[in-house]
Amino acid sequence: MTTRVGDAFRGVERGRCDEDWLVEHCASWVEAGILTDGQAQEIRQLETPEREQATAPVLGVTAEVLVYVGSLLALMSGIVVVGASWEQLAFAGRLAIGLAVVLVAFLAGAVLVRIGEAGTNRVGSFLWLIGTGGVVLVMATCFEQFDVNHGGWNAVLIGLPVLAIGAALWRNLDRPLQLLTTVAGLALVAGGLTVALGSPVWATGVVVWLVSLLAGRLTLAGHVTPAWLTLALAAVGAIVGAMMLTDFNMHLGPAAAALTAAGIVAVGLRVGRMMLVVIGVLGLVQTLQILVATTFAGPVAAMMLGAAGLQTVALVLLRTLHQHPA
C-alpha cells in the first residue's frame, strides 16, 4: 500500500502528473482508506508548486461560467438566424459556415489549453467539442450536396473523423468532453457497420459488452483517465451491450443485462465506487422490470423472482453481520 503511494508521488516528482491527477488520486486514496481527509489535504498542499498556489487563476469561476453561457447564446442565436435561411444558402455559404466554426473553435481551444490553467483547460475542451460538431456539420453538408446516401456507411464516414479527433485530443488525459467525443465516434462507427454489413444486433452487443468490461478493468487498474467518467460509460455500455442480446432471444437479453448490472453493483461495493453501485442498481431495477414483464409474467414466477431477491438481500446482510458483528 505504501509502495503504491510512493510510486505515485515519484511520478509527480518526475513531472508526469498534474494537479488534477493529484486531486483525483488523493480522493480515491481517501475512499480506499489509505489516507485520511487531513492527510490528503496536506499532501495536496505539499505537492502543489508554490507558484501555482500564489498565482490567481486566469479564468475565475464567474468568468468561466460567463464564457459557457455566452458561447451557448451565440450558438443558439446563430442556429436561429442561419437555420431560417439554411436551405436558401448556396453550398459554398453553408460550407464556409461549417469551416469557420471548425477553424475558430479549434484554434481558440488550442490557445486556451496551452495556457495550462484548470479553467482555461475546461473552456478549451468545450470549444474543441464545438469544433468537432463543426466537422460533423461540414460532412453532413457535403453528403447532402453530393447526394451521398449509403445507409450505415454515412454513419461510419462521420464517426471515423469524430473518433480520430476525440482520441487525438483526449490522449488519456483528464479531458472528459474529448473522451465523450471518442466514445460517440466509436458508437457511430459500430452502429453504422452493423447496419451497413447487415450484422446481427446481438453480435454488436457482445462486442460492446466485452469492450465495456475491458475498459472498466483497465480503469480500475489505473490505466485510463478520467476514471470516474470511463467507469460510468463502461458500466452503462456493459448493461446496454448485454441488453442487445434481446435481438437473439427476448429472454436472454434482460437476463444477461440483469446479471451484468448485479455484477457492477458487486464491483462497485468491492472497490468503494458508489457511482458504480448507483448505475448498477438503476440498471438492475430496469432489467428486472423487463424480466417480470416477459419471462416471469405469471404471478407464481413473479413471486419466485421476488423471493430470490429477498433471499439475496438476506444473505448479504447475514454475511455483513458475520464479518462485522455488533
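A residue is called buried when its relative accessible area is under 20%, exposed when it is over 50%, and partly exposed in between (1.4 Å probe, protein chains only). The legends below describe a predicted model, in which local features need pLDDT of at least 70, side-chain atom pairs count only at pLDDT 80 or more, and totals for chains, interfaces and linings use all residues. Residues are numbered from 1 along each chain as its sequence is written, and side-chain values use heavy atoms, with hydrogens and water left out.

**View 1. Asp-147 in the loop between H7 and H8**. Helices (H or I, at least four residues) and strands (E, at least two) are DSSP runs, numbered from the N terminus. Asp-147 comes just after H7. Its phi is near 55°, a positive value in a residue other than glycine. Asp-147 counts as exposed because its relative accessible area is 65%.

**View 2. Helix H7 from end to end**. H7 covers residues 118-145, which makes 28 residues. The expected span of a helix is 1.5 Å times one less than its number of residues. For H7 the expected value is 40 Å, and the distance from the first C-alpha to the last is close to this, at 41 Å. At the N-terminal end, Glu-117 acts as a cap: one of its side-chain oxygens is 3.0 Å from the backbone nitrogen of Gly-119. This fits the cut-off for a polar contact, which is a pair of N or O atoms within 3.5 Å; within protein, one must be able to donate a hydrogen and the other to accept it, and residues adjacent in sequence count only if both atoms are side-chain atoms.

**View 3. The salt bridge between Glu-144 and Arg-94**. A salt bridge is a side-chain nitrogen of Lys or Arg within 4 Å of a carboxyl oxygen of Asp or Glu. How many salt bridges does the structure hold? There is 1. In the pair formed by Glu-144 and Arg-94, the N to O distance is 3.7 Å. The pair links distant parts of the chain, with Glu-144 in helix H7 and Arg-94 in helix H6 (residues 91-115), 50 residues apart. Glu-144 is partly exposed, with a relative accessible area of 46%, whereas Arg-94 counts as buried at 9%.

**View 4. A nonpolar surface patch**. Patches are made of residues with over 30% relative accessible area and no salt bridge; like charges are joined within 9 Å, and nonpolar side chains (Val, Leu, Ile, Met, Phe, Trp, Tyr) within 5 Å. Accessible areas come from the Shrake-Rupley method with a 1.4 Å probe, and for residues only the protein chains shown count as cover. The patch has an area of about 750 Å². Its members are Val-61, Val-65, Val-69, Leu-72, Leu-73, Leu-75, Met-76 and Ile-79. Ile-79 belongs to helix H5 (residues 61-84). Is Ile-79 buried or exposed? Ile-79 counts as exposed because its relative accessibility is 61%.

**View 5. Helix H8 and its cover**. H8 runs over residues 152-170 and has 19 residues. From first C-alpha to last, H8 reaches 26 Å, close to the expected 27 Å. Its buried residues are Gly-152, Asn-154, Val-156, Ile-158, Gly-159, Val-162, Gly-166, Leu-169 and Trp-170. What covers them includes H6, H7 and helix H9 (176-197). Contact here means heavy atoms within 4.5 Å. Just after H8 comes Arg-171, in the loop between H8 and H9. Arg-171 is a residue other than glycine with a positive phi, near 50°.

**View 6. Val-189 in helix H9**. Val-189 counts as buried, with 11% relative accessibility. Not counting residues up to four places away in sequence, Val-189 touches Val-156, Gly-159 and Leu-160. The C-alpha atoms of Val-189 and Leu-160 are separated by 6.5 Å, although these residues are 29 residues apart along the chain.

**View 7. Helix H12 and the residue after it**. H12 (residues 252-271) has 20 residues, and its end C-alpha atoms are 28 Å apart, in agreement with the expected 28 Å. The buried residues of H12 include Gly-253, Pro-254, Ile-264, Val-265 and Gly-268. Their cover includes helix H10 (201-220), helix H11 (227-243) and helix H13 (274-294). Gly-272 follows H12 and has a positive phi, near 75°.

**View 8. A cis peptide bond at Pro-226**. The bond from Thr-225 to Pro-226 is cis, with omega near -10°. Pro-226 lies in the loop between H10 and H11.
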